[in-house]
Each structure stands twice: as C-alpha cells, then as structure tokens.
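Thanks for making the time. I have one structure to go through, and I will keep to what can be read from the coordinates.

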Amino acid sequence: MVLLIACVNVASLLLARAVSRERELAIRVVLGAGRSRLVRQCLTESAVLGLSGGLVGVLFAAIGIGPFVKFWPGGLPRAEEVQLNWYALLFALAVSMLSGILFGLAPALRAPTRELEQTLRSGARTVVGSSRRLHGGLVISEIALALVLLVSAGILGRTLLRQSALDPGVNIRNVLVTRMALAPGAFANPGQTRAAWQDVLDRARGVSGVQSVALVDTVPMREGNNQLGYWTTPAVPPPNEQPMALATSVTPDYLKVLGIPLLQGRFFNDQDRMGNDPVVVIDDVLAQHAFGGREPVGKRLWIPAMGSGPVQVVGVVGHVRYWGLANDDQAQVRAQFYYPFAQVPDMLLRRWSELMSVAVRTSVEPLNVVEPLRREVSGATGDQALYQIRTMEQLASGTLTQQRFLLLLFGIFAGLALLLACVGIYGVLAYLTGQRVPEIGVRMALGANGRDCMWLVFRQSLGMVLAGVVLGAAAAFAAGHLLGSLVPGARPTEPLTFAVMTSVLVVAALLASSAPAYRASRVDPMNALRQE
C-alpha cells in the first residue's frame, strides 16, 4: 500500500512534468519524432526513476532486515538464514522498474501528436481540466490509502493499550518461574521423589530475597496445558460431550506466590495428600459453568481422568488469563481447577515430575536470585538443574508480541503513507497554484485580496482531502474488520479511532497546503499579468 502511494506520487509528479514539457514534446513531433518514440522516452525516464528508487530501497532493506527479524513475534524459525539474496534483489528491482513504467504510462500517453500549432502557441502555464482532474484523482487516492493505514495503526494501538491494562488474574511483579530437572536418583521410588521435591522447596525458601515458593505443572501464559473433562453428577456423559477445564497441579503456597485471590472456601494445606479425600479448588468461571448461582464449596465434581470417584470442591479462586492477555477471552476452554501435587498417584509421579516448575515470589528483582537459587537447589550431588527461566512479567509481555509487532509495522507504514500523502498534496497544489498565477493575478486586479487567494487554494485542497477521506473511510472500515478477524481483541469499528486518525490526516494535509496557499496570497498582480 505504501508502494502504491509512492507510485501515485511519482505518477503525479511525472504528469506535472509532462504537462510542463508539452511544448518541448510538440517541437520534437514537428521535427519528426513519432508517438512511439515520445512514449519510449517518457517510459525510459520513469523506469530510470523507479530503478533508482528500488536501489535506495534495497539499501534500506539491507540495513533494516536485522532489527526486523529480531522483533518478529515469538522468534522466527531459521532466523539466521534470513538475508537478501539474488531472488529478493531481482524481485525488488523488477517491481521497481515495473512500477516506474506502469505509473509513468499516463504522462507518456499525454505526449502531444495532434493540434501541435495550438500547443506551440499556448503558454507553458496552461492546464486543461482533464489534467487537473487527473492530478486531483491521484491525490484523492493517496489520501484514501493513507487513511486506511492510519486507522489500522490506530485500531492496533488502542487494542494494545486496552489489552496491556487487562488484569491477568495474577500479580506478575517479582515472580520467577523455572522448569527443574531432579537428580536421576530421586526417581528410585515415589517416596524418594516426593522427598526430593520437598527438599527443593525447603532449600529455595532459604535463599535470600525469596518470600514464598511453590511447585506447579502448567504455568499461566506459558506453553503447555492439561485439559480434562468434568461433570457434576455420577452419570458422566461420553468424553466428547463433557465440558473441559484446565487442570493444574500445585503445592499449598501457589496462591501466595502468584497472588491469585481466594474468593470462597480455602486453598490446599498439608493434609491434602494421598490417603485423604481428593479435593480441588475451582475458579469463578468453572463455578459459574458447573453450579450456576449455587454455592460451589462443598459440592462434588466427577473428573474421569482422576478416577471414577468424586472430588470435593473446597474453594473458589479468581480466574487467571492462562492463554494470555490477548487470547484468553476468545479461548474455547477457560474454566480452571487446581488439585494438590501431593495427591498425584504414585504411578504418575515420575511423569508429573518431568513437567513441574518452581515458582518463586521475591522481595528483590527476580532475576537477581537466579544464581543463588540455582546453587541452593542443585542438590547434594550437584546434578539438579534449573532451565527455561522466565519472570511472569516476561511471560505476560510475551502474549502481546504479535500486537506490538503489527503496531510497529502499521505505525511505520502509516507514518510513511502520511508523509507521502502530504508531499503529494504539497507537490500538486504547488504545481497547480504555479500554473494559475495569471488567473490569481486577474482575480487580485479585480479586487480579490490575499485571504481570498489563500482560500482559493485551501478550498481546492479541502475538496481533494474530503473526497479521499470518504473513500478511505469505507476502505478503512473493511480493513478494520479484517484486523478484527486476525488480531485477538481488535475492535474493527471504533468511532474515536476513526475520528482521531481522520483529524490527523486532515490537519497534516492542510499544513501541507499552507505553503502553496501562502505563495498564492503573495502574488504580485502586475508581474502575474505579464506572464504568458
């Protein structure tokens, strides 16, 4: 779209140049040049211009490809192999030449071949209505395309601001999460495995700066989840008819570490272990889905994956945006429940131990405790390791990488489009105003003042801008719906965004028109009337 705006700009400038060269081209025809020769000359000039622009663009691409790849959301596979090769260079140069030739076609077709005597007698400042309409049409298309990009960038910006302000359901400040590999000897038997994890918790609590520690198998806003079906009566339906919920195995201090609010009942304690009644804590979303307005604490759930018997609901906690700030509202499975790690069956303990992470709340910068924590939990033999270390702030921020990337991309393109549109408006108005100097001189000789001449230029500018805004608003509306289907949380119709971005475009366009308007107001009538 930016390429199209740039091409329209070039076409407008080439058209103005062609109009001003009509006498020169007419003389060439009189001297024997055919139409095909004139067209070739014009197309050659535009192709050279396009090729030169393409070379400059390739230079900027070579400089910007590194930062672009680094900012790609989620990391780009085989990023080190992304580079400019001959295929990309040939494609860029071909597009540049094709653009130059294509958008130089309109000026080339204006090469005069008839009514040469009238062309030779006319002044260099004569501008026919068709030329003015073509210039106006080019500017209108620039305005429309620029508005599409501006509104798209505005929608993405408001989406990012809105999602950044969402409550993730946890206190993400000063929380460190890291996967952990136990020593191979810890898996000799289930009792030894449980003792090894308890030793990790005890050692981690002794690290300076650590306030609380817990174990968890699936961390919010990180890859990996465990979805299980549930039911509220013993007559459990088939698996494909069961509602699903996210299941998370944790230790008792998990709420304290993550800062999840306890709404009703209690959380787990040391009595919730193997041999005692199985218990779960559900979030408010699951409570609403399963029990409606009824009191959930004390009720029972049947979860086939956790055995044929029921589990008792002992508490209700707030909902956590497990799928991220942007995606959680659109997720198919949002309901959540927690069950004690101490009640994981012995037969599953080894597998669960491979999935467990250590979550730590700190009183200092979380990354500052990584090395002390690593040394403390390495075990007697030093063969226990921490890996995939992240802070919750990093995980929460990572869920918005796509939105930030698109905002940066559309912001850059919208800025370029606005700049090019302003340049186009300035160029066209400066050219048309220059061609109308004799007319302005006549108007001033008949009594018009400088303000009247300024309004003459501004009125012409406003007409093009408003026409471009009308066309661009319709296209921006369609682009907004496309963004709404591709970007989670994006709202395609935001009147405030449309109003602000349209105002920015109109103000910028009027500022670009001010210089030609001022020059029109300073025209000397005597000098103007002496011109051709």
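I will start with the whole chain, then go through one helix, the salt bridges and a few single residues.

What you have in front of you is a predicted model. Its average pLDDT is 83, and 87% of the residues score at least 70. The weak spot to mark is residues 124–129, where pLDDT stays under 50. The model does have 14 contacts beyond four places in sequence for that stretch. Still, where pLDDT is low, the predicted coordinates should not be read in detail.

Now the overall numbers. The chain is 532 residues, and 45% of them are buried. There are 18 helices and 11 strands. If you take the contacts with a separation of 6 or more, 80% of them join residues 24 or more positions apart. The accessible surface is about 26300 Å², with carbon and sulfur atoms providing 61% of that.

Next, helix α10, which runs from 284 to 291. Which of its residues are buried? They are Val285, Leu286, Ala287, Ala290 and Phe291. The cover over these residues includes strands β4, β6, β7, β8 and β9. After α10 comes Gly292, with a positive phi near 60°.

One of those covering strands, β8, spans residues 310–317 and contains Gln312. Gln312 is counted as partly exposed because its relative accessibility is 33%. Leaving out residues up to four places away in sequence, Gln312 touches Pro278, Val279, Val280, Gly298 and Lys299. Its C-alpha is 9.0 Å from that of Trp302, which is 10 residues away along the chain.

On to charges. Side chains of opposite charge can pair when their charged atoms come close. The structure has 12 salt bridges, and I will show three.

In the first, Arg203 pairs with Asp199, at 2.9 Å from N to O. These two are 4 residues apart in helix α8, so about one helical turn separates them. Both ends are partly exposed: Arg203 has a relative accessible area of 29%, and Asp199 has 32%.

The second is Arg205 with Asp253, where the closest N and O atoms are 3.6 Å apart. This pair links distant parts of the chain, 48 residues apart: Arg205 belongs to helix α8, while Asp253 sits in the loop between β4 and α9. Arg205 is partly exposed at 37% relative accessibility, and Asp253 is partly exposed at 22%.

The third is Arg321 with Asp329, at 3.2 Å from N to O. Here Arg321 is buried, with a relative accessible area of 11%, whereas Asp329 is partly exposed at 44%. Both belong to a salt-bridge network that also takes in Asp328 and Arg334.

Against those, look at Arg361, in strand β10, residues 357–362. What does this buried arginine have in place of a salt bridge? The nearest side chain of opposite charge is Glu393, at 9.3 Å. A polar atom of the Arg361 side chain lies 2.9 Å from the backbone oxygen of Arg173. Arg361 also touches a run of other residues, among them Asn171, Asn174, Val175, Gln211, Ser212 and Lys256.

Asn174, one of those neighbours, is in the loop between α7 and β1. Its phi is positive, near 60°, and the residue is not a glycine. At 23% relative accessibility, Asn174 counts as partly exposed. Gln388, in strand β11, is another non-glycine residue with a positive phi, near 50°. Gln388 is partly exposed too, at 43% relative accessibility.

Two buried positions to finish. Is Thr193, in helix α8, buried or exposed? Thr193 is buried, because its relative accessible area is 3%. Beyond four places in sequence, its contacts are Leu182, Ala186, Phe187, Leu349 and Ser353.

The other is Leu43, in helix α3, which covers residues 35–70. Leu43 has a relative accessible area of 18%, so it counts as buried. Its C-alpha is 5.5 Å from that of Ile101, although the two are 58 residues apart along the chain.

That is the end of the walk-through, and I will take questions.

Definitions and conventions:
Residues numbered from 1 in each chain as written. Heavy atoms only, no water. Buried < 20%, exposed > 50% of the residue type's maximum accessible area, 1.4 Å probe, protein only. Lys, Arg positive; Asp, Glu negative; His and termini not counted. Salt bridge = Lys/Arg side-chain N within 4 Å of Asp/Glu carboxyl O. Polar contact = N/O pair within 3.5 Å; in protein donor to acceptor, adjacent residues only side chain to side chain. Contact = heavy atoms within 4.5 Å. Areas by Shrake-Rupley, 256 points an atom, 1.4 Å probe, with all protein chains shown as cover. pLDDT = per-residue confidence, 0-100.
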